[in-house]
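User: Hi! I'd like to walk through this one with you. Could you help me get my bearings?

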Amino acid sequence: FFVCSKRVFKKTSGNGQLTLYLGKRDYVDHVDSVDPVEGVLKIDPADLGDRKGTVSINLACAFRYGREDLDVIGLSFRKDIWIQHIQLYPDAGHKPTLTEMHDTLLKKAGEQGHPFTFNIPTNLPCSVTLQPGPDDKGKACGVDFEVKAYLAQSADDPDEKIDKKDTCRLVIRKIQFAPDNTGSGQKAELCKSFMMSDKPVFLEASLDKEIYYHGDPIPVTVKIKNETTKVVKKIKVTVDQTTDVVLYSADKYTKSVLCEEFGETVEGNATFEKTLPITPLLANNKEKRGLSLDGRLKDEDTNLASTTIIRGGILSLTNVDVTVELPLTLMHPKPKGIPAF
């Protein structure tokens, strides 16, 4: 016979008075909804003793954009994008509909377990880490989600400084997987004329599908019709990652994650057609500071940031000064058991 056990993530405060339980740390964004964050906080009033105050739990989505060590001298480079607050003790009326996940966690926590549920809005970004430079130390910049339970003296003072030993926290991730139904690939065309030539060069580039998985080769079909007398000496394919950062103002920046040259030539008054395989990988971009990566927990491996649905990267195919651009979506395949979008 087989015994099926569920993994439980647990974190206890430094004073031992609060214990946070979660059944998972990855929450899937299905575009029109996000998996609810269902957990349990163990609060034993006997452990609190004569201490007065409230026990609350927060779920926050924040953007860290500076060095963590500077927080010590009063410079905070972390901005909350979204935060939700629930008071669990004394009871303030939070009564979530109990699920199978709650039941599992309540069995672990015992009689002092207090269930809670957070609903993540669909308009929040997915978890992203910005790749640090070789000399950068401390927690990496990026977007993260954190569940934090704490004991406070006042329920209504947002400026109260909470002692670290009175808190327990777990970082979670908001992620997306590739949808089941993907569209056809994009195609781009360009006709380019040159000085001292009355004939143009026609360039067409296309992809065979809309979405590709991390680590899989991406076949780019290139067609060239060279009506000039000049020789096309090479073809260059680049993949650029475009990141939108919305903090105090909208900011967008682009970093190249692949640049590959192919020694294909096209004689004058000739045509060319070939499929060129490319594979953008994080392994080839380890030294690029600020590159967007999928959010990670602790020191586990990650990859280039997945495309957020609705937003795409840019794939550029360049031949000297003849360029076309194609949108490219790069994601993880959806594991079995995840419902369709």
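User: Let me jump right in: is Asn269 buried or exposed?

Analyst: Happy to help! This is a predicted model. Asn269 has a relative accessible area of 60%, so it counts as exposed.

User: And where does Asn269 sit?

Analyst: Asn269 belongs to the loop between β16 and β17. Its backbone is worth a look as well: phi of Asn269 is near 55°, which is a positive value in a residue other than glycine.

User: Which other non-glycine residue has a positive phi?

Analyst: Val31 has one, at about 80°. You'll find Val31 in the loop between β3 (26-28) and β4. Val31 counts as partly exposed because its relative accessibility is 34%, and the partly exposed range runs from 20% to 50%.

User: OK, zooming out. How many helices and strands are in the chain?

Analyst: The chain holds two helices and 20 strands. Of its 341 residues, 42% are buried.

User: What share of the contacts comes from residues 24 or more positions apart?

Analyst: Counting contacts with a separation of 6 or more, 66% are between residues 24 or more positions apart.

User: And how much surface does the chain expose?

Analyst: About 19200 Å², with carbon and sulfur atoms supplying 50% of that.

User: You mentioned β4 earlier. What is the strand order in the open sheet with β4?

Analyst: The order is β1-β2-β4-β7, an open sheet of four strands with antiparallel pairing. Its edge strands are β1 (9-12) and β7, each pairing on one side only. On average, neighbouring strands of this sheet are turned by 20° against each other, ignoring direction.

User: Which helix packs on that sheet?

Analyst: Helix α2 (residues 100-109) does, touching β2, β4 and β7. The direction of α2 makes about 20° with that of β4.

User: How many bridges join β4 to β2, and how many join β4 to β7?

Analyst: Strand β2 (residues 18-22) pairs with β4 over five bridges, in the antiparallel sense. Two positions to look at there are Leu18, which stands opposite Ile43 in β4, and Tyr21, which stands opposite Val40 in β4. On the β7 side, β4 pairs with residues 113-118 over six bridges, again antiparallel. Lys42 has Gly113 in β7 as its bridge partner.

User: Why is β4 described as largely enclosed?

Analyst: Because six of the seven residues of β4 (residues 37-43) are buried, the strand is largely enclosed by the rest of the structure.

User: Nice. Which peptide bond is cis?

Analyst: The one from Tyr89 to Pro90, with omega near -10°. Pro90 is in the loop between β6 (78-89) and α2, and α2 is the helix packed on the sheet we just discussed.

User: Now the other four-stranded sheet. What is the strand order in the one with β17?

Analyst: That open sheet runs β11-β12-β14-β17, with antiparallel pairing. Its edge strands are β11 (187-193) and β17 (270-278), which each pair on one side only. From one strand to the next, the twist averages 15°.

User: How many bridges hold β12 and β14?

Analyst: Seven, in the antiparallel sense, between β12 (residues 200-207) and β14 (residues 218-226). Ser206 stands opposite Thr221 in β14.

User: What about the loop between β11 and β12, which residue lies there?

Analyst: Met196 is one of them. With 85% relative accessibility, Met196 counts as exposed, because the cut-off is over 50%. Its C-alpha atom is 9.9 Å from that of Thr228, a residue 32 residues away along the chain.

User: Back to β16: which residues does Glu261 touch?

Analyst: Leaving aside residues up to four places away in sequence, Glu261 touches Lys234, Ile235 and Lys236. Glu261 is in strand β16 (residues 250-262), and its C-alpha atom is 6.9 Å from that of Lys234, 27 residues apart along the chain. Glu261 has 46% relative accessibility, so it counts as partly exposed.

User: Last thing, rings. What lies over the face of Tyr150?

Analyst: Lys148 does, at 5.6 Å from the ring centre. As for rings pairing with each other, a search of the whole structure finds one aromatic pair.

Terms used: Residues are numbered from 1 along each chain as its sequence is written. This is a predicted model: local features need pLDDT of at least 70, side-chain atom pairs count only at pLDDT 80 or more; totals for chains, interfaces and linings use all residues. Side-chain values use heavy atoms; hydrogens and water are left out. Two strands pair if DSSP finds at least two bridges between them. Axes are lines fitted to C-alpha atoms, for helices over the stretch in contact, and angles run from 0 to 180 degrees between N-to-C directions. Buried means under 20% relative accessible area, exposed over 50%, partly exposed in between (1.4 Å probe, protein chains only). Contact means heavy atoms within 4.5 Å. Accessible areas come from the Shrake-Rupley method with a 1.4 Å probe; for residues, only the protein chains shown count as cover. Rings of Phe, Tyr and Trp (its six-membered ring) pair if their centres lie within 6.5 Å; planes under 30 degrees apart count as stacked, over 60 as edge-to-face and the rest as tilted. A charge sits over a ring if NZ of Lys or CZ of Arg is within 6 Å of the ring centre and within 35 degrees of the ring normal.
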